[in-house]
Amino acid sequence: MSKYHLVLGLEIHFHLRTKKKVFCGCIANFYGAKPNTHVCPTCLGLPGALPVANFEAVEKAQILGLALNCKLNEFSRFDRKHYFYPDLPKGYQISQYLYPLCLDGFVELENGKKCELERIHLEEDTAKSIHRSGETLIDYNKSGSPLVEIVTKPIFESASEAVEFAKKIQDVVRTLDIADVDMEKGQLRLEANISVRTTEMKEKGILPDYKVEVKNINSFRFLEKAINYEIERQSEILEKGERVPQENRGFNEVKNITVSQRKKEEVKDYRYFPDPDLPPMFFDKKHFEDLRKNLPELPRQTYEKLKSKYSLNDNQAKFLSNGDGLLLVEKFYSLAEKSDPIKVANLLINKPETRELSNDDFLSQIKAFAVSEISEERLNEAVETVLRNETDAFEKLRSGKDQVLMYLVGQVMRELKTKADTTKIISIIKSKLN
Ligand code: ZN
Ligand code: MN
């Protein structure tokens, strides 16, 4: 149903890595600790306990803002966001509403699209509910953990754009070393605000008057599935001439569908107001300049540098400036001082077993592993021959079974009777998929 176009904004939550929780003195690292051992009157929400803002958390949120091209607010404050839930003992969450730490900002995708942010704010996490045979137990260790929330504008036009964006955020956070953002440990949570609109609305720049919020998505794959499922579901409702209800939904990981959870609160239901227990914060320009001076090289800069300073090709530069490839960059830089950068990159990318070698051993490997220069045409020919012979494997790849990719790469090398640049072969194979 291509009549309807996706309108999508993301909210990304993750825990900052700080020594203490965000408004009290409890040690923030509670992983593996017994339930309710990292607690105090403040994070238990007891009457009379007073919060104090953790400057380490504030600063790390601001560093993130700088890295994501945000404007940092010189005046910022905390607000109370009210809702009633067992894992929120005070009946409100300390968050930020009108004056978040960071405003605007953007992340650039590979295709050059600038995905704009609305804000980045700091808030406290809730406790953890454990549902067990009709009872709910609460572990307050997580209560008051420093949580950063990144909110984007409704700028994504496809699920894959959203996934690429979220991965880039993860890369930046890891480069800044301010959080672990391990999705498997639930340290990065995604929420998608999804609606669809007609071509006419899109042309006129009209946004839909509803949105469906899919909460607590904890993998990139589920994010993609949830979005695509919602596009279908909402298009069908609109097609019948009905209205899509504004609600929260959850993603069912077994059935690959989203399910209704509750009617979504409106902003007014939260009764936001400034938290009178926390003084407003003022920052001077010098503070922002100091933070900016200490920013590390960011993935986007790494990518540019690999191409301009080291003359790597686009695939190599992308490999070393995205995801796990970023873990190899320091090694690449030090080896590239002593040898041909292109050969170093080839070996690091194509021969994973060399990544653990000492620099000296690595350099002697380079001599042994001379990837012969093979022309694009020759590579293309070899890929086509293999794809003609390997129709089954190719069909599997087409239906999303990525495991056969390396098998096909191996067949191409066999066809070439030599080793060749794996990333190049992969990109040629992928180009044949369309
Ligand atoms: Zn505490
Ligand atoms: Mn939040």
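The legends below describe close-up views of a predicted model. Local features need pLDDT of at least 70 and side-chain atom pairs count only at pLDDT 80 or more, while totals for chains, interfaces and linings use all residues; side-chain values use heavy atoms, with hydrogens and water left out. Residues are numbered from 1 along each chain as its sequence is written, and chains are lettered from A and ligands numbered from 1 in the order in which they are written.

**View 1. Coordination of the manganese ion (ligand 2).** His 13 (NE2), Glu 123 (OE) and Glu 149 (OE) coordinate the ion at 2.0 to 2.4 Å. Donors are N, O and S atoms within 2.8 Å of the metal (3.2 Å for Na, K and Ca); water is not among the atoms, so sites may look incomplete. The donor residues follow the sequence spacing H-x109-E-x25-E. His 13 belongs to strand β1 (residues 4-15) and Glu 149 to strand β11 (residues 146-152), so this pair ties together parts that are 136 residues apart in sequence. Helices (H or I, at least four residues) and strands (E, at least two) are DSSP runs, numbered from the N terminus. Both His 13 and Glu 149 are buried; buried means under 20% relative accessible area, exposed over 50%, and partly exposed in between (1.4 Å probe, protein chains only).

**View 2. Salt bridge between Lys 285 and Glu 74.** A salt bridge is a side-chain nitrogen of Lys or Arg within 4 Å of a carboxyl oxygen of Asp or Glu, and by this rule the count comes to 35 salt bridges. In this pair the N to O distance is 3.1 Å. The bridge links distant parts of the chain, with Lys 285 in helix α5 (residues 285-293) and Glu 74 in the loop between β2 (71-72) and β3 (75-76), 211 residues apart. Lys 285 is exposed at a relative accessible area of 52%, and Glu 74 is partly exposed at 38%.

**View 3. Salt bridge between Asp 125 and Lys 142.** The side chains meet at 3.1 Å, N to O. Asp 125 is in the loop between β8 (114-124) and β9 (128-132), and Lys 142 is in the loop between β10 (135-139) and β11, 17 residues apart. Both Asp 125 and Lys 142 are buried.

**View 4. Salt bridge within helix α5, and a salt-bridge network.** The closest N and O atoms of Asp 290 and Lys 293 are 3.6 Å apart. The two residues are three places apart in helix α5 and so are separated by about one helical turn. Asp 290 is partly exposed, at 28% relative accessible area, whereas Lys 293 is exposed, at 65%. Elsewhere, a network of salt bridges links Glu 110, Lys 168, Lys 307, Asp 314 and Lys 318.

**View 5. Crossing of helices α12 and α13.** Two packed helices are described by the angle between their axes and the distance between the axes. The axes of α12 (residues 391-398) and α13 (residues 404-416) come within 9 Å and cross at roughly 140°. Axes are lines fitted to C-alpha atoms, for helices over the stretch in contact, and angles run from 0 to 180 degrees between N-to-C directions. Ala 393, Lys 396 and Leu 397 of α12 make the contact with Val 404, Leu 405, Tyr 407 and Leu 408 of α13, where contact means heavy atoms within 4.5 Å.

**View 6. Surroundings of Thr 423 and Ser 311.** Thr 423 lies in helix α14 (residues 422-431) and is buried, at 12% relative accessibility. Not counting residues up to four places away in sequence, Thr 423 touches Asn 315, Phe 319, Ile 349 and Asn 350. Ser 311 sits in the loop between α6 (299-308) and α7 (314-320) and is partly exposed, at 48%. With neighbours within four places in sequence left aside, Ser 311 is in contact with Leu 306 and Ile 342.

**View 7. Positive phi at Val 181 and Asn 216.** Most residues other than glycine have a negative phi. Phi of Val 181 is near 40°; this residue is in the loop between α2 (159-176) and β12 (188-198) and is buried, at 1% relative accessible area. Phi of Asn 216 is near 50°. Asn 216 belongs to strand β13 (residues 212-217) and is partly exposed, at 47%.
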